[in-house]
Amino acid sequence: MDYSAHFHREIVALEQAARGAADGADAPLIPSCPDWTMSDLVLHLGGVHRLVARVIRERLDRQPDITDATLFELPEDREGWPAPTGGPHHGPVPVSLVDWFAEGAARLEALFRSEDPGLAVWTWSAERTAGFWLRMQTIEAALHRWDAEQAAGGRARPVEPGLAVDAVAQTFEVMAPARRAWREAPAGAGERFRFRRTDGPGLWTVRFDGDDVRLTTGAADEDTDVASGDVELAGTASDLMLFLWQRLPADRLDKVTGDQAVLDRYFTLVPPV
């Protein structure tokens, strides 16, 4: 997958949504992130981009000091910018904030295109490569582009199917184990969830056993019934991704079958970030 091309498209679309909201009116709220306005979202992702760029550019083997303001290359004039903590921050979206975001995103994209994905650098994951950041930030860009478009006009475009399929797998390969550790989630008791794609081939079965997240993929059991105590959620690749990132409720998917009590436990087993 050409992650860099996806990153570019998603970031450009997010920037367009943010610039459209920088019209002098109050920053729109992000419905999927109720503690944020558009300004908060742009500041958050712009800061992440600069942190990741520093890690890759300087080949860091540990997390930078996030209290060091120079990390984020902030302009001197930040009139109207949101504070880095708290929210939601109202008032107009500053054009200078969107400019700062676009500049940082372009620098990060250039690094993604020029550096070896196998370059060893710090990450918060067991995979400590620049390629981890490329995949993670491409998925995050798509997610927050959807957030921004929903806030700007309420009609967010779905995530491109190929990227959404990868994001479903990445949820259980990377994000679910990390979320469970960060939030000290309860031990799994064998709960099993099956995610079936309806706009193309794709089937993911996830089982929570103790601290383990066990993922199997493929089409071997596509025609089997849902076992007692299990749950199956069917939807487009984009909708499954957005459900897993808590952007869409289960009732927005094409079909949900199985044990409702098990479904209700899903976000206890995989807490939100």
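Q: Where does arginine 145 lie, and why is arginine 145 called buried?
A: Arginine 145 lies in helix α4, helices being DSSP runs (H or I, at least four residues) numbered from the N terminus. Its relative accessible area is 1%. Buried means under 20% (1.4 Å probe, protein chains only), so arginine 145 is buried. The model is predicted: local features need pLDDT of at least 70, side-chain atom pairs pLDDT 80 or more, while totals for chains, interfaces and linings use all residues. Residues are numbered from 1 along each chain as its sequence is written, and side-chain values use heavy atoms, without hydrogens and water.

Q: What is arginine 145 in contact with, leaving aside neighbours within four places in sequence?
A: Its partners are Glu10, Ala13, Leu14, Arg157, Pro158 and Val159. Contact means heavy atoms within 4.5 Å.

Q: What makes α4 oblique to α5?
A: The axes of α4 (residues 130-153) and α5 (residues 161-182) cross at roughly 120° and come within 11 Å. Angles under 35 degrees are roughly parallel, over 145 roughly antiparallel, 65 to 115 roughly perpendicular, and the rest oblique. The crossing angle therefore makes α4 oblique to α5.

Q: Which residues of α4 make the contact with α5?
A: On α4 they are Phe132, Arg135, Met136, Thr138, Ile139 and Ala142.

Q: How do you know that the span of helix α3 agrees with its 20 residues?
A: The expected span is 1.5 Å times one less than the number of residues. For α3 (residues 95-114) that gives 28 Å. The end C-alpha atoms are 29 Å apart, which agrees.

Q: Which helices do the buried residues of α3 pack against?
A: They pack against α1 (3-21), α2 (38-57) and α4. Trp100 and Phe101 are among the buried residues of α3.

Methods. Axes are lines fitted to C-alpha atoms, for helices over the stretch in contact, and angles run from 0 to 180 degrees between N-to-C directions. Helices (H or I, at least four residues) and strands (E, at least two) are DSSP runs, numbered from the N terminus. Buried means under 20% relative accessible area, exposed over 50%, partly exposed in between (1.4 Å probe, protein chains only).
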